[in-house]
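Trainee: I would be grateful for a close look at the aromatic residues of this structure and their surroundings. Please begin with a single pair of rings and proceed from there.

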Amino acid sequence: MRLLASLLVLALSLPVAAQAPLDFVRQVDPFEVRDLDGDALPYPLVGGFLAPRPHLVDLSGDGLADLVVNEGGRGLAYYESVGASGPGEGFVWRTDALDGIAPGTWSVFGDLDDDGDFDLLTQGAPSRVRYYRNDGSVTDPQFVLAADELMTSTGDAVTNEDTSVPALVDIDDDGDLDFFHGQADRGHVTFYRNDGVAPGSGLPQFTFITNLWENIEVFEDSPSCEDPKPGAPATTGFIEGRGSLHGANAVALVDLDGDDDAELFWGDFFARSLFYFLNEGTPQEPEYSLVSEAFPLDEPLTSGGYNVPVFGDVDGDGDLDLSIGILGGLCSSVENKFDNLYLYENIGTAENATFALRTERLIASLDVGERSVPTLADIDGDGDPDLVVGNDPLGLLGSTLTLFENQGTNNAPSFRLTDPNWLNLEYDFGAYAPVFADLDNDDDLDLLVGGFNGRMALLRNTGSATAPQYELEDERYQNIDVGQYIRPTFGDLDGDGDLDLLTGEANGRLKVYRNTGTAQNAAFLTEANGAPVAADTTYRAAIGLPEDLGSDSAPALADLDGDGDLDLLSGTTEGSLRFFRNTGSATAPQFVEESGVPVFRPTTTPALGDLNDDGDLDLLLGTKAGGVLYFDNAAVVGIESGIPSRPSPGIRAVPNPSTGNMTFRLTTAPLERRMLVVYDTLGQVVHRVPVVAGTERVEWDGTDGQGQTVASGLYVARLEAADRVLAAAAFTRIR
């Protein structure tokens, strides 16, 4: 179906829609999300954790160690410790990206310019060290890049292996912080001495001392996944100098026995716990002996390996508590995709530390393990959106669909985990990417699930809109094959009354498959290898959509600016979303890229829906870490340019496309009686609905003036006064 001249006349009678930029505001707890037991998650939408590198550091200057987490290297998430008044263990989320810093694979805090506040070192170029000076204060840090590559006193680069998490500690008792890191290939420790602040530059001045500090060698001669055994070397089989395997590592140096010298802790890729070395020397002359290959001694950690220990006073009792991030080493397990940020409370003293495990999920959130792919749909027909999340926690070994039923309302959703393995699906080596669409025009939602191999399975809804029954009908839907990690989205791109398909995939290619069938019987043409036919590839280029969106492209079609046509958001491997505004129309789209949405987590997949009933589309994002991020849509969509004294009215038709009843949401309630009029593509009146003053929602049952259900196709709804059109929205009906 194509718009005719009369519909163009309708459009010409309207003011031009204001093209406001996207304005999504990050929130972590906008509504409830409950676990399988019904308990509310304290940090529901922080994005999950897959390989968290934590810090316990007091950035607020109140004496309590705050939590900073490097997850994925794109940003430093900051959680301020506020004690018992805060959620969970008392940490309140403040930002995903502390001062916009992208730390890479490692980061470490310490006062490096002797001004009493914390500075920051991070990964720079490969094996290089980047320095951020705190130009703020103890209570209000402001980290500013001071050296992209930190140099030694002899002009050489200070180096650190990118897979090693280093430590800063005053090891020689001279009042400044020295720099240490482990070596993956040898199991030794590298030592750079801090010789103070360099005159003129104000940069910390390090001198390389040795790659074999204290003759320490850490190794596993026969790595296995047996539980580690605490105790002295004589009981653990530790033999100095034996042949070994070493791995990526993390070191920590802190005083746990109150004698003013630092003990050494080493987490290794091949070790399921922590190596604990006691310092039996002095503050000026350390001397280390291995105490145990498992730590804490009273309640040893057993994980998949590559453990990152950090210490800080979380509870303000004057002793050091312990947090451990689990990155996943030789024995990585599916449990550590979820339980990977531990907190141990020091229930002893500063002179005699004793640790008790408090939680394995310090920041408990909605988390399905890895590569989360959310989608919103009213599965049970109760008028509010439910949430289904696909995942890939075991790589090629399996995935699940997780169902969160919305037990709240349209303006106050409350999602409850009701089925962690919804439908018990086993398909295409996992990496599930679910999407709902009514593909047979029977007024209920069918389900397609993308998989690792770039194909989709069709699960036909043989039940109803309120009591769905999903049956696997086709494991290679319509011969479509896009490569790996398919990310599908449906929408009526060409305004002909049926649903077209766009896909993303691991290599970043965006592919368009136009529906050559009908609303009742969708049909997509492919080449023999499952790629789009040449005509669809030509069409994609003609409407302004690029072939390559960057690795892990994940498109989502939706009307983001309220002008009645479909725009495009896409996730990327880097994380930030790319935005393509449709500057054409519902039947002749033309996409132009504009500023997108900055995101500080990698491998994102967007899903859009109105989650607070305010008439615009909010944003959920799946992440590589397996959680979900939420962004509230703060943009005000109007139809007039400039800044009017009173907000201009606008219309949003939901759902769009629609198979049944529709709601027209007015962004501003009219002050006087108005009329909402639905027109077809011939410009003929289909239905009139009176709108009384103060109304914000207008319901329509999808029938014409004679009570007959209208045909599939494109329609326009206009809010009209006696002498003018106040607002309009195009929408699609599918029967």
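Mentor: In this predicted model, Y276 and F295 are both buried. A pair of aromatic rings is described by the distance of the centres and the angle of the planes. For Y276 and F295 the centres are 5.1 Å apart and the planes stand at 55 degrees, so the pair is tilted; an angle over 60 degrees would have counted as edge-to-face. The two residues link distant parts of the chain: Y276 belongs to strand β18 (residues 274-279), whereas F295, 19 residues away, lies in the loop between β19 (288-292) and β20 (307-312).

A stacked arrangement is found in Y715 and F731, with 6.0 Å from centre to centre and 20 degrees between the planes. This pair, too, links distant parts of the chain, with Y715 in strand β47 (residues 713-720) and F731 in strand β48 (residues 725-733), 16 residues apart. Both Y715 and F731 are buried. In total, the structure holds 31 aromatic pairs.

Aromatic rings also gather in a group: W106, F179, Y192, F206 and F208 form one cluster. One of these residues, F179, leads into the largest nonpolar core, which has 22 residues; F179, L121 and L150 touch the most other members there. Leaving aside residues up to four places away in sequence, L150 is in contact with L121, V129, Y131, D156, A157, V158, P204 and F206. A second core, separate from that one, has 21 residues, including L666, L676, V691 and L726.

Two tyrosine rings have an arginine over the face. R371 is placed over Y485, 3.9 Å from the ring centre, and R514 is placed over Y539, 4.2 Å from the ring centre.

Finally, strand β20, at one end of the loop that holds F295, takes part in an open sheet of four strands. Their order is β20-β21-β22-β23, with antiparallel pairing. The edge strands, β20 and β23 (355-359), each pair on one side only. From one strand to the next, the twist averages 25 degrees. Strand β22 (residues 341-346) pairs with β23 in the antiparallel sense over four bridges, and F355 in β23 is the bridge partner of N346.

Terms used
Residues are numbered from 1 along each chain as its sequence is written. This is a predicted model: local features need pLDDT of at least 70, side-chain atom pairs count only at pLDDT 80 or more; totals for chains, interfaces and linings use all residues. Side-chain values use heavy atoms; hydrogens and water are left out. Rings of Phe, Tyr and Trp (its six-membered ring) pair if their centres lie within 6.5 Å; planes under 30 degrees apart count as stacked, over 60 as edge-to-face and the rest as tilted. Buried means under 20% relative accessible area, exposed over 50%, partly exposed in between (1.4 Å probe, protein chains only). A charge sits over a ring if NZ of Lys or CZ of Arg is within 6 Å of the ring centre and within 35 degrees of the ring normal. Two strands pair if DSSP finds at least two bridges between them. Axes are lines fitted to C-alpha atoms, for helices over the stretch in contact, and angles run from 0 to 180 degrees between N-to-C directions. A nonpolar core is a set of buried Ala, Val, Leu, Ile, Met, Phe, Trp, Tyr and Cys residues joined through side-chain atoms within 4.5 Å. Contact means heavy atoms within 4.5 Å.
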